[in-house]
Amino acid sequence: MAHDEEDSGTTRGDNIKSAHSGQAAKSTRSVSGVRRGNVRRVLDALRLGGPSSQAALARQTELSPATVNAIVKALRADGVAEVRPVNGREFLVALVASHAAVVAVQVNVTSVHAALFDFGERVRLDSSAPLKEEGGDPGLVVDMVRSLAAEAGIGLLDLAGVAVGMQAPIARASGTVSSWARLQFPAWTDLPVAKTLEDDLGVLVIAENDANLAALAEWTWGAGQGAADFLYVMCAAGVGGGLVIDGRIYRGGDGLAGEIGHIVLEPSGPVCFCGSRGCLTTFVSERSILLALEASGSSRNSLREVVDAARRGDPASRRVLYEAGRHLGRAFASTAKLMAPSVIAVGGTLSEAGNLVFEGIQSSVEMHSLRAVSPAIRVCPAQLGDDATLFGGVAAVLAATGQGVSTLPRWAKPSKAVRQKTIIRNPNDRN
Ligand SMILES: [Zn+2]
């Protein structure tokens with residue numbers, strides 16, 4: 001009984017052939033009398049809430065337990081969902097994206113990295129290109145997608161979609177790389193990114209800021225799973241951020257929401273490239289941390305070197321990382337007063353320093369938060385490492401095509417995934 005159910009997830013229904021169309025429509029074929037809208041409600045609940053018991057699904061969708069049972073049966077028959085035993089007693093329903101193949105692309109100024117995720121064959125293929133021209137060009141991305149698909153033996157039209165994460169904001173109205181971007185992408189200027197690629201490839205293309213995609217990935221499969229409102233902050237060369245509210249990326253007015261790096265901490269602080277002074281990024285970017293360290297007479301070449309030196313006990317390196325944490329904590333406390341996110345996850349090289357940074361964050365959040373708001377906030381390291389943007393691309397395409405994967409499968413994860421164990425809860429919620 002239990003084991004039959006456990007194995008059923010790998011059975012693929014014959015009636016799902018194309019990864020290109022949503023699973024909801026196909027699933028309704030199996031059970032006449034099950035209304036399509038009800039199937040959609042169950043799929044949405046699973047996509048947004050992750051694996052769930054049938055009882056919880058019934059409560060969430062306000063459908064009767066019998067209806068939920070019939071829908072789950074149909075979804076399993078079609079290979080869209082599987083049922084997993086937990087603790088030997090409870091059974092959880094989870095989504096599997098049976099045949100979907102997705103290409104996710106990360107476009108940085110100095111390199112392009114593309115990865116194909118084939119959920120039918122359980123295969124991941126990667127390709128990357130260092131760039132001479134800043135940001136490469138759309139033709140390069142098209143070539144990379146084509147060759148990955150060819151290598152996987154998949155026709156372009158059999159891709160569920162392609163997602164592109166740019167290391168720059170995407171202007172909401174025009175879909176172009178925002179002119180506000182500090183980093184330059186000359187070949188992409190004035191091109192609507194998604195439409196340009198879509199015209200060439202003939203498949204769905206989603207273009208998004210890289211931190212926004214990383215935020216979506218962390219919300220879907222990482223540190224923010226299940227959080228109603230989630231802030232992801234990437235701290236490496238610079239500071240980027242993304243907001244996910246009710247399962248969707250929040251872009252704000254012109255796609256610039258979540259730019260936490262430009263919260264002003266010191267009005268008379270260092271001048272920032274954005275034209276303001278004393279922004280968070282002027283205190284915690286890689287360059288600022290290296291500069292701060294220089295005053296001690298010890299010079300390091302990269303943030304990673306600082307993190308390594310601090311781990312070995314170098315007092316000056318420990319001090320600058322602790323202070324970077326304090327600055328982050330102040331920005332988090334300010335953000336919390338406005339949006340009170342239930343989870344804030346920190347990714348990037350700085351987060352890899354673990355407690356060396358998180359102790360500073362914790363003490364600062366404690367000092368600057370409203371006691372009424374802070375107990376609900378959890379600050380923790382991000383879980384998905386350097387591939388968060390690529391995973392976010394997968395999540396975005398699956399969501400856009402009505403599909404989902406409740407748990408990121410092992411074959412899709414890189415072997416060097418960064419997994420920090422540190423979890424910092426706000427001190428106010430300890431008791
Ligand atoms: Zn700034």
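This is a short tutorial dialogue on reading a predicted model of one protein chain with a zinc ion.

Q: How many helices and strands are in the protein chain?
A: The protein chain has 14 helices and 13 strands. Of its 431 residues, 54% are buried. Contacts also tell us about the fold. Among those between residues at least 6 apart in sequence, 64% join residues at least 24 apart.

Q: In what order do the strands of the open sheet lie?
A: Read a sheet from one edge to the other. Here five strands run in the order β5-β4-β3-β6-β7, and the pairing is mixed.

Q: Which are the edge strands?
A: An edge strand pairs on one side only; here these are β5 (123-130) and β7 (205-209). Neighbouring strands of this sheet are turned by 15° against each other on average, direction ignored.

Q: In what sense do β3 and β4 pair, parallel or antiparallel?
A: The sense is antiparallel. β3 covers residues 101-107, β4 covers residues 111-118, and seven bridges join them. For one pair to look at, find V105 in the model: A114 of β4 stands opposite.

Q: Which helices pack on this sheet, and which strands do they touch?
A: One is α7 (residues 193-201), which touches β6 (161-166) and β7. The direction of α7 makes about 155° with that of β7. Another is α8 (residues 210-221), which also touches β6 and β7. The direction of α8 makes about 100° with that of β7.

Q: Where is D210, and is this residue buried or exposed?
A: D210 is found in helix α8. With a relative accessible area of 15%, D210 is under the 20% cut-off, so it counts as buried.

Q: What does D210 touch?
A: Leave out residues up to four places away in sequence. D210 then touches N108, G165, M166, Q167 and T389.

Q: Where is V177, and which residues does V177 contact?
A: V177 is in the loop between β6 and α7. A loop residue can be judged by its accessibility too: at 15%, V177 counts as buried. Beyond its neighbours within four places in sequence, V177 is in contact with M166, A168, P169, F185, W188, L191 and V193. Take V193 from that list: V177 and V193 are 16 residues apart in sequence, and their C-alpha atoms are 7.4 Å apart in space.

Q: How do I read a helix such as α3?
A: Start with the general rule. An α-helix has 3.6 residues a turn, so residues three or four places apart point the same way. Now the case. Helix α3 (residues 36-49) has 14 residues. From first C-alpha to last, α3 reaches 20 Å, close to the 20 Å expected at 1.5 Å a residue.

Q: Which residues of α3 are buried, and what follows the helix?
A: The buried residues in α3 are N38, V39, V42, L43, A45, L46 and R47. After α3 comes G50, whose phi is positive, near 80°.

Q: Which faces of β11 are covered?
A: In a regular strand the side chains alternate between the two faces of the sheet. In β11 (residues 343-347), five of five residues are buried. V343, A345 and G347 are on one side, I344 and V346 on the other, and both faces are covered.

Q: Which strands pair with β11?
A: Strand β8 (residues 229-235) pairs with β11 in the parallel sense over five bridges. Look for Y232, whose bridge partner in β11 is A345. Strand β12 (residues 378-381) also pairs with β11 in the parallel sense, over four bridges. There, I344 stands opposite V379 of β12.

Q: What are the protein donors of the zinc ion?
A: They are H262 (ND1), C272 (SG), C274 (SG) and C279 (SG), lying 2.0 to 2.3 Å from the ion. In sequence the donor residues are spaced H-x9-C-x1-C-x4-C. H262 and C272 both lie in the loop between β10 (248-250) and α9 (281-284), so the pair ties together parts that are 10 residues apart in sequence.

Q: Why is the arrangement around the zinc ion tetrahedral?
A: Ideal angles for four tetrahedral donors are 109.5 degrees. Here the four donor atoms subtend angles of 106 to 122°, which makes the arrangement tetrahedral.

Q: Are H262 and C272 buried or exposed?
A: H262 is buried, at 17% relative accessibility. C272 is buried too, with a relative accessible area of 5%.

Key. Residues numbered from 1 in each chain as written. Predicted model: local features only at pLDDT ≥ 70, side-chain atom pairs only at ≥ 80, totals over all residues. Heavy atoms only, no water. Pairing = 2+ DSSP bridges. Helix = DSSP H or I, 4+ residues; strand = E, 2+ residues; numbered from the N terminus. Axes fitted to C-alpha atoms, helices over the stretch in contact; angles between N-to-C directions. Contact = heavy atoms within 4.5 Å. Expected span 1.5 Å × (residues − 1). Buried < 20%, exposed > 50% of the residue type's maximum accessible area, 1.4 Å probe, protein only. Donors = N, O, S within 2.8 Å, 3.2 Å for Na, K, Ca; no water. Tetrahedral: all angles 85-135°; square planar, octahedral: opposite > 155°, others 65-115°.
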